[in-house]
Amino acid sequence: MTNTQYWRGIVEMIAAQLIFGTAGWLVVASGVPVLDVIFWRCLLGAITLLVVCWALGLLGRGAISLRQAGIAALAGVVLTTGWLLLFGSLSRASISIATAVYHTQPFILVGLGALLFKEKVTFGRMAWLVIAFVGMILIVQGKPGGDKGGSDYLTGVLMSFGAAFCYALVAILTMRLKGIRPHLIALIQIAVGAAMLLPFADITNPPTSARAWTLIAIFGVVGTGVVYVLLYSAYQKLQTHVIGALSFIYPVAAIVVDYIALNHRLQPLQIVGTAAILIAASGMTVGPHILKGFGKAPAEEPASS
């Protein structure tokens, strides 16, 4: 991996997390039930990616093998299962607890990377992840109304942990698809997601307002099509510990969007948490370059298939 590829992966991962941060606002602003929004985003995202893949000549024979397509489809099943588990957990456990448990995903990802790809789990890497996790906890705890309890606490916690494991597993499966264009990987996964969500969505009562459709279209084209191309491209360039650290940028982006779009004031704990996450992400990504000489590529190659 060259230095240019590494930093391109960093930029792609950060961009994806920033776009993910708009998801909550888009869902709330659309006024459409969450599962319906996710179904329509998948459908519109898949249509967009189908057009893009056709324009790039990625739909021809030889673009992807049957085995690789199977891995991508399996990742799509896991991804959609994770969505369903996460949404289900929010109505059972408190939002704060469900969010905290879901963000154990970087630790699961690093563990899977060590187990499957023999990546080193150093004290320094784990320390940065812990700092970022603490920052995320501070962000969630500082959110007004974030502790409303649900009806089945333990079930909610387990569902949220299952969603975190699904996220990590999707990253691992996608890492095994090196050499396959991320546009095609995203198309397969999101198309699988649309098919899986179809039975749960109320398609007999689609949104009626132009505003709702506009927001859903943005969510589908940018928040699904574009963002997953960026995400899967980054997965192919970075190691699991870097992916894990940068995943914590999502809650930072979410509170900034809440502040700008919904006029939610930032609480002191959220500001401290944001600083902790940004420091940890910088330490994980830039730190190795400072220690080994800025401008050199990381000594270790990213996980290979």
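Reader: Which residue forms a salt bridge with Glu-12, with the closest N and O atoms 3.2 Å apart?

Author: A salt bridge is recognised here when a side-chain nitrogen of Lys or Arg comes within 4 Å of a carboxyl oxygen of Asp or Glu. In this model, which is predicted, Arg-8 is a partner of Glu-12, and their closest N and O atoms are 3.2 Å apart. Both residues belong to helix H1, which covers residues 3–20, and they are four residues apart, about one turn of the helix.

Reader: Why does a spacing of four places suit two residues that point the same way?

Author: An α-helix has 3.6 residues a turn, so residues three or four places apart point the same way. The case at hand is Arg-8 and Glu-12, four residues apart in helix H1.

Reader: Are the two partners buried or exposed?

Author: Burial is judged from relative accessible area, with buried meaning under 20% and exposed over 50%. Glu-12 counts as buried because its relative accessibility is 7%, whereas Arg-8, at 54%, counts as exposed.

Reader: How many salt bridges does a search of the whole structure find, and which residues are linked in a network?

Author: The search finds two, and the network of salt bridges links Arg-8, Glu-12 and Lys-237. Besides the bridge to Arg-8, Glu-12 meets the side chain of Lys-237 in a salt bridge, with an N to O distance of 3.2 Å. This pair links distant parts of the chain, since Lys-237 sits in the loop between helix H10 (210–235) and helix H11 (240–247), while Glu-12 is in helix H1, 225 residues apart. Lys-237 is buried, with a relative accessible area of 15%.

Reader: Where on helix H7 do its buried residues fall, seen down the axis?

Author: One looks along the axis and asks how wide an arc the buried positions cover. Helix H7, residues 123–141, has 19 residues and reaches 27 Å from its first C-alpha to its last, close to the 27 Å expected at 1.5 Å a residue. Its buried residues are Arg-125, Leu-129, Ala-132, Gly-135, Met-136, Ile-139 and Val-140. Seen down the axis of H7, these fall within an arc of 140°, so they line one face of the helix.

Reader: What is the exposure of Ala-127, and how far is its C-alpha from that of Ala-280?

Author: Ala-127, which is also in helix H7, is partly exposed, with a relative accessible area of 27%. The C-alpha atoms of Ala-127 and Ala-280 are separated by 8.6 Å, although the two residues are 153 residues apart along the chain.

Reader: Which residues is Gln-189 in contact with, leaving aside its neighbours within four places in sequence?

Author: Contacts of this kind show what surrounds a side chain beyond its sequence neighbours. Gln-189 lies in helix H9, residues 182–197, and is buried, with a relative accessible area of 1%. Its contacts are Ala-72, Ala-75, Gly-76, Leu-79, Val-170, Thr-174 and Tyr-232.

Reader: How much space lies in the largest pocket, and which helix gives the most to its lining?

Author: A pocket can be described by its volume and by its lining. The largest pocket holds about 1,300 Å³ of space, and of the 45 residues that line it, the closest to its centre are Ala-23, Gly-24, Leu-86, Leu-90 and Tyr-250. Helix H4, residues 66–90, gives the most to this lining, with seven residues.

Conventions
Residues numbered from 1 in each chain as written. Predicted model: local features only at pLDDT ≥ 70, side-chain atom pairs only at ≥ 80, totals over all residues. Heavy atoms only, no water. Helix = DSSP H or I, 4+ residues; strand = E, 2+ residues; numbered from the N terminus. Buried < 20%, exposed > 50% of the residue type's maximum accessible area, 1.4 Å probe, protein only. Expected span 1.5 Å × (residues − 1). Arc of directions from axis to C-beta. Contact = heavy atoms within 4.5 Å. 1 Å grid on protein atoms, 1.4 Å probe; cavity = no way out; pocket = protein on both sides within 12 Å on 5 of 7 lines; lining within 4 Å. Points joined across faces, edges and corners; volume = space filled by probe spheres on them.
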